[in-house]
Amino acid sequence: METDQTILERCDLWGCIQCGKCTGGCPLSFKTTLNVRRLIYEALVEGDVNPDGMEELWDCTTCGTCVLRCPKEVEPVDVIVALRTELVDGGIIPPTIRDALTSVFRYGNPSLMQPEERADWAEGLGVKSISDGADVLYFVGCIPSYDDRVQKVAKALVKAFHKAEVDFGILGVEEKCCCNEVRRVGEEGLFEYVVEEQQELFSSCNVEHIVTTSPHCFNTFTNEYEGLDIKVQHYTQFVAELIDNGKLAFTGELNKVVTYHDPCFLGKQNAVYDEPRKILQSIPGVEFREMDRTRDRSLCCEGGGGRMWGEGTNPEERLATSRFEEVLSVGADIMAVACPFCLLTFDLAAKAGGYDEKVQVTDIIELVAEVI
Amino acid sequence: MPPKVGVYVCHCGINIAHTVAVQDVARAAAGLPDVAVARDYIYVCSDPGQQSIQDDIKELGLNRVVVASCSPRMHELTFRRVIQEAGLNPYYLQIANIREQCSWVHSERGSATEKAKEVVAAAVSRARLLEPLEEREVQVTRAALVVGGGIAGLQAALDIADAGYIAYVVEKESTVGGKVAQLGLTFPTLDDAGTLLGEISERVEQHPNIEVFTNSELVDAEGFIGNFQVKVHRHPRHSDKGAHSDNAEDLAPAESVLELGVGTVIVATGFDVFDASLKPEFGYSVYDNVITALEFEQLSSPSGPTGGEIKIDGRTPEDVVFIHCVGSRDRNLGNPYCSRICCMYTAKQAHIVREKLPEARITVFYIDVRAFGKGFEEFYDQVREERVRYRRGNPSEIYRRGDRLVVRAEDTLLGKPIEVEADLVVLAAGIVPREDAGQVAGPLKLSRSEDGFFMELHPKLRPVDTTTDGVYLAGCCQGPKDITDTIAQAKAAASSALIPLSLGRVRVESVTCAIDPLLCSGCGLCAEACVYGALALDGRTGLMTANQVVCKGCGACATACPSGAIVVKHFTPDQILAEVEAAI
Amino acid sequence: MGDMEATLVIGAGIAGMQAALDIADAGFKAYLVEKEPSIGGRMAQLDETFPTLDCSSCILTPQMVSVGGHPNIELFTYSEVVEVDGSAGQFKVKVRKKPRYIDVDKCTGCGICAENCRLKDRIDSEFNVAMGRRGAAYMPFPQAVPLKYTIDGEHCLMIQRGKCGKSPPCRDACPAEAIDFKQAEEIVELEVVAIIVATGFDPFDAQLKPEYGYGVYEDVITGLQFERLSSASGPTFGEIKLDERPIKDVVFIQCVGSRDRTLGNPYCSRVCCMYTAKQAHLVREKLPEARVTVFYTDMRAFGKGFEEFYDRVREERVLYRRGNPSEIYRRGDRLVVRAEDTLLAKPIEMEADLVVLAIGLVPREDADDVTGLLHLSRSGDGFFMESHPKLRPTETEVEGIFLAGCCQGPKDIPDAVAQAKATASSAIVMMSQPKDKPAADQE
């Protein structure tokens with residue numbers, strides 16, 4: 001992307017009729033000064049937008065609600081990403097985000113972790129390397145590889161794979177950040193660089209089918225890795241199929257009331273709504289309850305789009321708080337998620353807000369792993 | 001023959017029966033003077049209901065019928081036909097409205113029933129005094145007059161002529177075509193207006209059933225549906241056919257007045273463009289580079305002064321600003337209405353500028369973009385994609401800075417006052433009623449709506465008919481319209497006009513006024529009260545006469561007459577008093 | 001009358017009725033075919049009409065009665081055109097009369113069958129847009145023309161299962177012995193000079209905009225449902241209420257399913273701005289204390305008297321806020337409408353007790369059947385295509401077939417009526433031609 005072009009030249013905004021449906025739905029619009037509709041208007045009438053001093057640009061979680069809702073097929077989030085790109089190119093970038101980007105460049109993950117430790121979580125689990133040949137590449141992702149809490153998700157998934165006798169392998173220490181968030185914070189150059197490497201890796205391993213832990217990896221592989229001719233699934237899609245065709249059977253029961261929070265990158269951006277619910281509803285003993293704001297109307301956890309790496313302009317108010325209120329209002333014991341970002345964000349918010357005693361935040365596959 | 005009344009009380013399913021004890025009403029009616037039979041029935045309007053009325057007329061020799069049911073607007077005609085088929089004069093029918101005026105507006109059963117009884121008693125009392133009226137028809141002159149030779153008038157004339165009847169088109173200007181002749185491309189399909197018009201006017205020219213009078217004006221009209229006598233003033237320089245002939249050699253003799261007999265009249269007199277100098281804040285007529293949209297059509301036309309190049313004083317504008325709603329949605333000017341076409345013609349003009357000046361900055365100031373017709377929103381989408389900036393706000397003034405204009409506005413979406421420099425400003429001037437609308441309205445007795453356009457008979461269901469039978473409206477004389485809607489409406493007016501032409505005869509109102517020559521003093525107050533022009537002074541007798549074809553039986557004359565010389569048949573004082581007395 | 005030149009009119013809504021009336025008044029024959037048991041179409045469902053606030057059924061019912069009683073109009077209700085052959089001037093048409101299972105010559109419209117139907121109040125009433133219920137034996141609305149009952153074979157137990165209790169109670173109860181479960185469909189063949197298509201539209205399915213929670217929240221209703229709610233003959237007898245809770249805040253949302261490329265409905269539905277203004281007025285009239293808010297993007301008050309009406313409604317303390325709401329969710333027992341007020345440039349949350357979605361007009365689901373039957377094309381928006389958007393807005397590419405009303409694109413009532421009369425004019429022109437002599441050579 002050439003940043004000497006104006007925002008109006010870089011983003012396709014002329015379809016906009018300023019109806020405000022984007023800002024109206026933006027989950028952040030109440031807690032920050034971010035107003036994407038107005039940014040589009042400024043681009044249209046002034047020809048360009050100067051992002052200097054617009055700290056609120058880093059508030060956007062790129063949840064995609066604005067894109068989903070726009071009746072004129074404008075993609076408002078593009079403006080924010082394009083403005084971030086300008087800031088990144090000019091070196092005006094929050095230090096924590098800069099660190100994350102540097103880390104991705106150097107270590108292949110945003111968390112300053114050592115690449116050689118990337119597969120440590122899988123030790124002793126009998127997970128083979130994809131280079132040994134397998135039907136399915138399990139693309140683990142950065143957080144499930146390194147984060148203590150989320151490693152449990154990866155392990156649970158491995159358990160399910162074994163149980164269902166799936167022939168799968170991982171990239172191991174070769175795996176690198178998918179760069180979904182890198183792209184969303186505006187670092188287009190790094191994104192392209194890593195994508196190229198990753199694509200070469202996929203083809204050298206003859207990968208034909210990828211299953212991801214994270215909706216974010218799933219999203220970027222599906223929609224943004226140009227020329228990637230590989231079947232990509234989020235694990236909920238794959239596991240739902242395993243349950244459907246009888247390959248994964250339950251042996252225990254889970255007598256809990258469970259509700260489900262749709263991750264933005266799975267739901268709003270990729271319309272995967274049914275499979276996670278199908279998995280939960282097929283677990284024996286589970287009483288599944290929907291919250292009010294679900295599916296297309298789901299809330300954002302506030303972890304995506306680079307927000308994991310920065311606090312934003314208003315860290316005090318958390319969207320997660322109202323989410324917990326809703327979980328409580330439907331009387332659920334467990335809020336199931338299907339995304340590492342959601343899991344970590346909610347975990348943190350639960351502790352901060354004192355909800356951790358009333359609600360258990362867990363990934364769907366962890367529930368599955370308990371009863372197989 | 002003494003009156004012998006049959007009373008039929010309808011349940012209307014449960015519509016009446018759930019609040020009114022219909023059997024009690026029938027029983028009470030049976031005891032009224034001269035009532036021979038009183039029945040109640042689930043639906044009197046149904047086939048069996050109608051049959052029982054006809055059977056009673058034949059078997060019991062009824063000579064008056066009262067139906068207590070819904071509003072006469074629903075079924076008066078139905079029951080008139082029913083009793084007529086059984087041999088009675090259709091005016092021997094009286095409807096007692098016990099639905100809209102009783103069961104639907106009351107909830108307490110006891111008092112509603114009492115009221116229904118009274119309504120029926122009043123109806124019976126009146127029915128006893130009803131007199132037979134004659135049903136009359138007049139022959140129709142199988143030709144139509146079309147006033148106005150714009151696209152509406154031409155289309156209407158074509159339909160009339162295609163159906164085999166003569167259409168006379170009277171056009172004030174020296175050529176037909178009206179405002180469409182001044183346009184370049186049309187929205188949203190960008191068809192060339194000249195080609196469209198050419199297609200129609202060529203057919204008009206060649207049609208054996210159409211006669212066009214240009215340089216001509218309707219000056220007088222007399223008569224009524226089926227038989228209008230109209231006078232057309234023909235100015236010199238007229239040319240009968242050659243619609244497009246501007247040839248000065250083609251001069252006609254002196255002025256003349258032509259008299260035509262027609263059965264129906266279609267009014268298609270069009271509109272005037274709003275005079276932009278009435279909005280002085282925009283500097284129209286002060287600044288050369290502030291022009292109206294109609295002037296833009298000329299400017300962008302290949303046959304215009306610049307050969308279609310967008311140039312002002314030889315310079316190519318870099319910034320072009322369009323301003324919507326000039327003279328529309330403006331209570332200050334007495335034009336509260338929307339002119340319906342400006343949003344879209346502006347979009348089209350912005351598109352033309354973009355095509356001719358790919359580098360120009362184009363700004364459209366709007367309040368609401370009204371892209372409502374088929375393909376309109378899609379066109380609006382297209383124009384924005386062509387890099388036309390739509391800014392929300394109605395500019396407040398235009399002034400000069402150096403050799404450029406400055407448009408001052410609030411951008412209401414930024415919430416900020418702004419100045420936009422411009423080399424060309426195009427004002428989307430609205431549509432206003434024609435200044436000379438009165439010339440046509442007078443002779444044809446047309447009413448005008450509050451907005452000044454001609455008034456249709458009913459805004460929903462009778463959009464092309466008028467209060468004058470036989471006179472119909474087409475195109476923008478009834479209100480702003482685009483070409484598509486104008487064509488549809490012109491054909492609609494043709495349909496209304498074709499009904500009497502096609503039948504060759506038309507039924508006229510039987511309920512009319514009657515003047516008692518012994519009481520009339522010829523004072524003429526009644527004629528002043530009559531909106532239909534049915535009353536005239538007979539110079540020979542010094543008394544008033546009523547045209548029984550034009551009269552609608554409204555009764556305004558009867559109330560105006562100081563000597564009580566006028567009665568309206570079917571609503572005579574005796575009949576009305578009998579009804580009132582029985583009711584109280 | 002057998003030799004009379006005739007035109008077929010498909011669809012007996014306000015457009016079809018008007019076309020048939022003009023043709024019949026001009027002395028020609030009109031065959032009027034209607035799919036539903038009664039004529040009247042969508043207009044029969046409306047409460048008051050904008051901008052004059054005429055009661056819709058008060059102006060429509062006399063029109064329906066005129067159609068029903070016109071000697072030159074032959075009505076085929078509960079019927080469908082199934083085959084069309086031939087060409088302009090000599091179309092051969094087959095009409096399928098669906099069995100009503102009621103002998104209309106015997107039926108007096110007394111309603112005892114409906115009273116006794118075992119499915120009484122168990123089927124959603126199409127007329128009341130599922131805000132009321134009916135039985136299998138029913139009359140769609142009290143002013144129906146013809147005033148005859150119909151047994152809906154798709155639900156009737158007798159038709160579906162061959163038995164209904166020991167003996168069908170409707171048949172046992174009918175005093176006119178009009179019920180006939182053996183009735184079969186009937187095919188009628190007609191010859192006509194011209195065909196007028198007036199098949200109307202479907203209301204947009206609001207569930208396709210999941211962000212508004214239609215179908216999830218009972219307090220979110222469509223504009224068409226509001227008409228029934230507000231109608232004196234509707235399920236609440238005209239009271240604006242959904243249950244016992246008082247309604248304090250009413251929010252209207254425009255452009256639901258219109259101007260929406262994501263749904264493939266890029267067009268404007270032309271009537272929603274004004275019907276919303278009218279409904280806002282009705283709320284104000286019936287609930288003087290309610291807060292009434294209308295969310296709009298562009299207010300399209302373009303017709304005669306429309307802007308004036310919009311002015312009036314604002315003066316009546318209806319608040320217009322510019323913005324297209326993004327979603328609706330629940331807070332306690334109230335709804336929250338989340339939007340950006342684009343003039344404040346601020347996100348807002350509006351609490352509401354009733355949300356009315358101004359659903360747009362979409363092409364009928366069965367439009368393909370009609371185009372197949374008549375060899376018509378459809379425009380990019382899915383509505384039937386006219387032969388020229390400017391000059392021949394009511395004609396089609398097929399000579400002798402004309403378009404009236406909303407099947408060609410969204411329209412309000414006067415525009416639909418004008419267009420219907422325009423088609424009548426075209427049909428009258430064709431029927432007026434001397435026989436064996438095409439219009440073109442007429443001299």
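These are my notes on the domains of chains A and B and on one domain interface in chain A.

**Ground rules.** The model is predicted; local features need pLDDT of at least 70, side-chain atom pairs count only at pLDDT 80 or more, and totals for chains, interfaces and linings use all residues. Residues are numbered from 1 along each chain as its sequence is written, chains are lettered from A and ligands numbered from 1 in the order written, and side-chain values use heavy atoms, without hydrogens and water.

**Chain A, domains.** I looked up the bounds, which come from an automatic or database domain assignment. They are 7-89 for domain 1, 114-241 for domain 2 and 247-370 for domain 3.

**Chain A, domains 1 and 2.** I found their C-alpha centres 31 Å apart. Six residues of domain 1 and five residues of domain 2 make the contact (heavy atoms within 4.5 Å). The buried area (accessible area, 1.4 Å probe, that two parts lose on being put together, summed over both) is about 470 Å², with 54% from carbon and sulfur atoms. On the domain 1 side, Thr62(A), Val81(A) and Val88(A) lose the most area, together 58% of what that side buries.

**Same interface, pairs.** I noted zero salt bridges (side-chain nitrogen of Lys or Arg within 4 Å of a carboxyl oxygen of Asp or Glu). Two residue pairs are in polar contact, both at pLDDT 80 or more (N or O atoms within 3.5 Å, one able to donate a hydrogen and the other to accept it; residues adjacent in sequence count only if both atoms are side-chain atoms).

**Chain B.** I listed domain 1 (5-127), domain 2 (143-271 + 433-505), domain 3 (274-430) and domain 4 (513-568). The C-alpha centres of domains 3 and 4 of chain B are 55 Å apart.
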